[in-house]
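Let's take a walk through this structure together, one stop at a time. Keep the 3D view open and turn it as you read.

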Amino acid sequence: MKIAIPENFVIGAASSAWQTEGWKGKKEGQDSFIDSWYKNEKFVWHEGYGPAVATNFYENYTQDIALMKEIHLTHYRTSINWSRFFTDYEELNVDEEYAKHIDDMINEQIQAGVEPMICLEHYEVPKYLMDKYDGWSSKKVLELYVKYAKIAFERYGDRVKHWFTFNEPIVVQTRCYLDALRWPHEQNTKKWMLWNYHKALATARAVEVYHQLDLPGRIGCILNPEMVYPRSSSAEDQKAAEIYDLFFNKVFFDPMITGVYSKELIALCQKHDIYFDPTEKELATIKANTVDFLGINQYYPKRVRAPRYQWNEETPFHPERYYESFDLPGKQMNNSRGWEIYPEIMYDISMYLKTNYPPIPWLITENGMGREQEERYKNKDGIVQDDYRIEYISKHLYQLLRGIEDGSTCEGYMLWAFTDCVSPMNAFKNRYGLVRIELDEKRTRSLKKSAYWYRSLVDERLLSLSNVEEFK
Ligand code: BGP
């Protein structure tokens with residue numbers, strides 16, 4: 001049986017600047033935060049690969065856009081690399097060579113019938129602004145970001161109709177300052193919350209500027225809410241899930257959709273001395289400038305239970321004081337990535353948004369399956385037979401379409417990623433693309449089986465339920 005995909009439902013694909021571009025043409029002093037992590041801790045990057053060459057998209061973009069055209073892709077999202085966009089981040093001198101590359105890329109996409117969607121920051125905060133102002137800890141960086149956003153809107157806003165202020169604005173500070181898993185391994189929960197706040201405020205400021213320019217498009221942010229499932233029906237487990245939801249999901253949903261932080265979150269922040277002390281004026285800006293739409297990245301569920309052990313009061317506050325991760329026996333896994341596979345997250349996020357917030361347009365901006373050693377699945381013609389990816393997408397898309405049936409305002413599904421690309425630390429270990437990238441000097445491309453299947457999905461707009469049943 002096949003089910004119809006709604007007429008205007010977007011079927012696209014995504015990536016980011018730093019994960020594809022490579023450093024060709026990059027000038028002295030144009031490192032991003034992620035570039036400096038790679039330089040400082042190269043040994044944690046799988047087989048030493050990283051942003052330095054990536055997929056060399058900077059030189060290969062016309063080839064990739066031709067492949068997009070070949071598979072009839074209609075939407076592609078990437079980012080502008082903030083760290084490469086200027087030669088001086090305070091004087092805001094634009095690097096015209098890089099800015100022209102962005103222009104050319106956008107024009108090439110439009111000519112190929114692929115609508116460009118652009119994100120202003122996918123972890124590419126300039127190293128210079130980290131060193132001088134401690135990055136998103138600083139209001140100065142916020143001001144410079146808003147000016148950068150305005151320049152980008154003015155240059156490209158006539159052609160780019162979908163803008164995102166950030167990709168997953170919670171991630172860098174969670175890995176670096178809350179969990180301290182990543183370089184520079186600084187544990188600082190108050191700073192974590194301040195970065196969360198400044199990125200919500202920066203989004204409101206960018207929304208304000210964008211709307212003032214009266215351009216023919218819309219602006220939002222890409223969030224990565226984790227659908228939280230309590231271990232059991234016990235009030236304690238339910239409470240653990242609610243607090244997780246507050247700290248990691250509502251912390252962005254509330255200010256961006258409703259313009260107001262929840263009282264519960266503020267009370268918890270005050271109680272644990274991680275409050276971000278907003279001014280009245282800032283709160284008014286957030287209130288007046290909610291997003292036009294949202295991108296949602298969804299990969300795996302988060303399962304929690306009430307903590308079994310008392311919190312060690314001698315350690316810095318972490319929201320984990322209120323929950324403990326729960327490992328569901330028998331869960332399905334993508335073992336390459338270590339993430340649980342639970343397609344119902346797509347239906348559940350749809351109902352979560354419908355139930356908790358006023359109607360807002362949104363789309364899945366990332367979902368996908370990273371798989372190790374995909375060369376194993378090449379057939380005699382060298383085409384990767386990635387049936388597992390087709391099944392994964394089908395099952396997730398099916399749940400998303402169910403959500404639409406039940407009244408969700410979801411407008412589309414964009415796969416991570418169009419081509420294989422560099423992951424933070426995992427580099428090229430797990431392959432996500434519809435397009436295979438060889439790690440030779442040219443970064444040779446080839447379409448995988450899933451690319452041809454994706455083309456038929458775009459053309460026929462019918463999802464085959466046999467792919468869904470097969471996977472059960
Ligand atoms: C998202 C990021 C992407 C991408 C993806 C896959 O969180 O927005 O940049 O990397 O996850 O995850 P990973 O690359 O860690 O396997």
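Our tour begins at Asp134, in the loop between helix H6 (127–133) and helix H7 (139–156). Keep in mind as you look around that this is a predicted model. The backbone is what makes this residue a good place to pause: Asp134 is not a glycine, yet its phi is positive, near 60 degrees. Most residues other than glycine have a negative phi. How does Asp134 sit with respect to the surface, buried or exposed or in between? Its relative accessibility is 30%, so Asp134 counts as partly exposed, because that class lies between the 20% limit for buried and the 50% limit for exposed.

A second residue with a positive phi waits further along the chain. Glu168, again not a glycine, has a phi of about 45 degrees. You will find Glu168 in the loop between strand S7 (162–167) and helix H8. Here the surroundings are of another kind: with 10% relative accessibility, Glu168 counts as buried, because buried means under 20%.

Glu168 also brings us to the ligand. The ligand is surrounded by 14 residues, and the closest are His122, Glu168, Arg337, Ser423 and Tyr432. Which side chains place an N or O atom by an oxygen atom of the ligand? For Glu168, the distance from such a side-chain atom to a ligand oxygen is 2.7 Å. Arg337 likewise has a side-chain N or O atom 2.7 Å from an oxygen atom of the ligand. For Asn167, a polar side-chain atom lies 2.8 Å from a ligand oxygen. How much of the ligand does the protein bury? On its own the ligand exposes 370 Å², and 93% of that is buried by the protein. The space that the ligand takes up is the largest pocket. Sorted by class, the shell around the ligand consists of six nonpolar, five polar and three charged residues.

Now turn to the peptide bonds. Most peptide bonds are trans. Two places to inspect here are cis. One is the bond joining Trp183 and Pro184, with omega at about 10 degrees. Pro184 belongs to the loop between helix H8 (171–178) and helix H9 (189–213). The other cis bond joins Trp416 and Ala417, and there omega is about 10 degrees. In this case no proline follows the tryptophan: the residue is Ala417, placed in the loop between strand S17 (410–416) and strand S18 (430–431).

Next, look at Asp95, in the loop between strand S5 (93–94) and helix H5 (96–111). Its relative accessibility is 4%, so Asp95 counts as buried. What does the side chain of Asp95 contact? One polar contact, of 2.9 Å, links it to the side chain of Lys27. Another polar contact, of 3.0 Å, links the side chain of Asp95 to that of Gln30.

The last stop is Ala284, in helix H12 (residues 280–288). Ala284 has a relative accessible area of 44% and is therefore partly exposed. Find Val260 as well: Ala284 and Val260 are 24 residues apart in sequence, and their C-alpha atoms are 9.1 Å apart in space.

Methods:
Residues are numbered from 1 along each chain as its sequence is written. This is a predicted model: local features need pLDDT of at least 70, side-chain atom pairs count only at pLDDT 80 or more; totals for chains, interfaces and linings use all residues. Side-chain values use heavy atoms; hydrogens and water are left out. A residue is near a molecule or strand if one of its heavy atoms lies within 4 Å of it. A polar contact is a pair of N or O atoms within 3.5 Å; within protein, one must be able to donate a hydrogen and the other to accept it, and residues adjacent in sequence count only if both atoms are side-chain atoms. Accessible areas come from the Shrake-Rupley method with a 1.4 Å probe; for residues, only the protein chains shown count as cover. On a 1 Å grid over the protein atoms alone, a cavity is a set of points where a 1.4 Å probe fits but cannot get out, and a pocket is an open set with protein on both sides within 12 Å along at least five of seven lines; lining residues have an atom within 4 Å of a point. A molecule sits in a cavity or pocket if more than half of its atoms lie within 2 Å of its grid points. Ala, Val, Leu, Ile, Met, Phe, Trp, Tyr, Cys and Pro count as nonpolar, Asp, Glu, Lys and Arg as charged, and the others, Gly among them, as polar. Helices (H or I, at least four residues) and strands (E, at least two) are DSSP runs, numbered from the N terminus. Buried means under 20% relative accessible area, exposed over 50%, partly exposed in between (1.4 Å probe, protein chains only).
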